[in-house]
Amino acid sequence: MQPSSGHSQTSFSALIKQPAAYLPLAMSVAALALVVGHVALYGIVREADEGTAAHLWQLLMAAQVPIILFFAITRVPQAPIEARKVLTLHVVAALAALAPVFLLGF
């Protein structure tokens, strides 16, 4: 189905520059950096109570959900292929931030 003359094609590079597209990516990278930094500074330590790093990680990961939902609701109908590429990046980045937590058993 071809877009009507009222719709403009949105390129991937234009789409990724929108805050709703890049903020979740930045938050996943920050969450991953937080885990890597914590392990680098303190090692793999089992704590009785979750520390500040764990709470920050949880906030960064949870705060992405409404932003990603907003992006999906507003952009998928306008540019489905490009928006799905961005959503795939969101999933990959979130999995990268989740992986060390589960692999290291935090």
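Q: Buried or exposed: which is His90?
A: His90 is buried, because its relative accessible area is 3%. Buried stands for under 20% relative accessible area, exposed for over 50%, and partly exposed for the range in between (1.4 Å probe, protein chains only). The model is predicted, so local features require pLDDT of at least 70 and side-chain atom pairs pLDDT 80 or more, whereas totals for chains, interfaces and linings use all residues. Residues are numbered from 1 along each chain as its sequence is written, and side-chain values use heavy atoms, without hydrogens or water.

Q: Where does His90 sit, and what does His90 touch?
A: His90 belongs to helix α4. Leaving aside residues up to four places away in sequence, His90 touches Ala20, Ala21, Pro24, Leu25, Ile68 and Phe71. A contact means heavy atoms within 4.5 Å.

Q: Which other residues of α4 are buried?
A: Among them are Ala83, Val86, Leu87, Ala93, Ala94, Ala97, Pro100 and Val101. The cover over the buried residues of α4 includes α1 (12-16), α2 and α3.

Q: Why might buried positions recur along a helix?
A: An α-helix has 3.6 residues a turn, so residues three or four places apart point the same way.

Q: What span does α4 have, and where does α4 bend?
A: The 25 residues of α4 (residues 80-104) should span 36 Å at 1.5 Å a residue, and the end C-alpha atoms are 36 Å apart, which agrees. The expected span is 1.5 Å times one less than the number of residues in the helix. α4 bends by about 30 degrees at Leu98, with the proline Pro100 following within four residues. The bend is the angle between axes fitted to the seven residues ending at a residue and the seven starting there. Just after α4, Gly105 has a positive phi of about 75 degrees.

Q: Stepping back, how many helices and strands does the chain have?
A: The chain has four helices and zero strands, in the order α-α-α-α from the N terminus. Helices (H or I, at least four residues) and strands (E, at least two) are DSSP runs, numbered from the N terminus. Of the 106 residues, 23% count as buried. Among contacts with a separation of 6 or more, 73% join residues 24 or more positions apart.

Q: What is buried in α2, and what covers those residues?
A: In α2, the buried residues are Ala20, Ala21, Pro24, Leu25, Met27, Ser28, Ala31 and Val35. Their cover includes α1, α3 and α4. Gly43, just after α2, takes a positive phi of about 80 degrees.

Q: And which residues of α3 are buried?
A: Trp57, Met61, Gln64 and Phe71 are buried in α3, and the cover over the buried residues of α3 includes α1, α2 and α4. α3 has 24 residues and reaches 34 Å from its first C-alpha to its last, close to the 34 Å expected.

Q: Turning to the surface, which residues make the nonpolar patch?
A: Leu41, Tyr42 and Val45 make a nonpolar surface patch of about 350 Å². Patch residues have over 30% relative accessible area and no salt bridge; like charges are joined within 9 Å, and nonpolar side chains (Val, Leu, Ile, Met, Phe, Trp, Tyr) within 5 Å. A salt bridge is a side-chain nitrogen of Lys or Arg within 4 Å of a carboxyl oxygen of Asp or Glu. The chain exposes about 7,000 Å², with 70% supplied by carbon and sulfur atoms. Accessible areas come from the Shrake-Rupley method with a 1.4 Å probe; for residues, only the protein chains shown count as cover.

Q: Where is Val45?
A: Val45 lies in the loop between α2 (19-42) and α3 (52-75). Val45 counts as partly exposed because its relative accessible area is 39%. The C-alpha atoms of Val45 and Leu104, 59 residues apart along the chain, are separated by 9.8 Å.
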